[in-house]
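Me: I have a structure to study and would like to understand the words people use for it. Could you go through it with me?

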Amino acid sequence: MSTKDIQRIVVVGAGLAGASAAEELRKLGYDAALTVIGAEQHPPYERPPLSKGVLTGAATPGSALVHPAEWYTEQGIDLLTGTTVARLGLERRQVALADRVLPFDQLLITTGARPRRFDLADAASAAGANVVYLRTLGDAELLRDQLGKRLLIVGGGWIGLEVAAAARTAGGPVTVVEAAELPLVGVLGPEIATVFADLHRSHDVNLKTGTTVAAITHEGGRTKVSLSDGTQTEVDLIVVGIGAEPNTDLAQVAGLEIDNGILVDAQLRTSTPGVYAAGDVANHDHPDLGRIRVEHWEGPDPGSWTR
């Protein structure tokens, strides 16, 4: 199918990948119907600022937007926010919403990833404990208002360390629990990971490496966490940052091939002709690196300390 034969392209997922794809399509001269669908109420935004400037208050939530809302109107892009896709009908070339069905000639799936859940924290949350997973603007705003409280962070990856830096800058006590012997050791190697560990400890982060959470209880409005090293601490807030997993539910039900993401070839084509996937949800057959699923689009920033 040539570009001139395409009458409607639908993008399911209104994050950075979806917004960037829509922008590139317009730049390349595609001028037919283009719809971008997102479950969140906000226009597409970048997620890295959520654990940096937006979290510390140094940047406004609006600064994270890929484009202001009016840009989509100016570009003739039908941006549907606060909209949940019920089903992908690939044979009939339709995207089913709660109240209508959208036809498509080509479909791009950019549904991203979701935080990996931690059962102990979720059970404590159901009992009334204060638990946050940092993934959305709403999460960042909720967390920003609580940074001065007694904070336990589960996971010493980029999210965990950046939240720890923001909390210490706000003056709150912070404990980070990391199962590995060093934070980020799998990404940075032991030498650089040691630098990061020392940096956080020098700013009074209680960094517990080689340690896991053994139990969490919430009774009488008090949350207590028992660790594998035998210590117990009482906290006001638990932040879970133990990685992410791709949002493949829609694609799997629709019959696309899935393996740690939606399987795509070097041109981002899925197992169904005319259906593509990109961003965090795509497991890309890279011509040089082989199968790879990438959850970032630029080098991570460790954040800055201000005392």
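Reply: Happily! Let's begin with a term: contact means heavy atoms within 4.5 Å. Keep in mind that this is a predicted model.

Me: What makes G160 and V239 count as residues that I153 touches?

Reply: Contact needs heavy atoms within 4.5 Å. I153 touches G160, V163, A164, V174, T175, V176, V177 and V239, leaving aside residues up to four places away in sequence.

Me: Why is the set that includes I153 called a nonpolar core?

Reply: The name calls for buried residues of kinds such as Val, Leu and Ile, joined through side-chain atoms within 4.5 Å. The largest such core has 26 residues, and L143, L151, I153, V163 and V174 touch the most other members. Among the elements giving two or more residues are α5 (137–144), β10 (151–154) and β11 (174–178). Helix α6 gives the largest share, four residues. Another core, of 21 residues, lies apart from it and includes V12, I37, L97 and F104.

Me: How do you know that β14 and β15 pair?

Reply: Pairing takes at least two bridges. Strand β14 (residues 222–227) has four bridges to β15, so the two strands pair. They run antiparallel. In one of the bridges, K224 has E234 of β15 as its partner.

Me: Why are β13 and β15 said to stand at the edges of their sheet?

Reply: The open sheet has three strands in the order β13-β14-β15, with antiparallel pairing. β13 (213–219) and β15 (232–235) each have a single partner strand, so one side of each has no neighbour in the sheet. From one strand to the next, the twist averages 20°.

Note on methods: Residues numbered from 1 in each chain as written. Predicted model: local features only at pLDDT ≥ 70, side-chain atom pairs only at ≥ 80, totals over all residues. Heavy atoms only, no water. Axes fitted to C-alpha atoms, helices over the stretch in contact; angles between N-to-C directions. Buried < 20%, exposed > 50% of the residue type's maximum accessible area, 1.4 Å probe, protein only.
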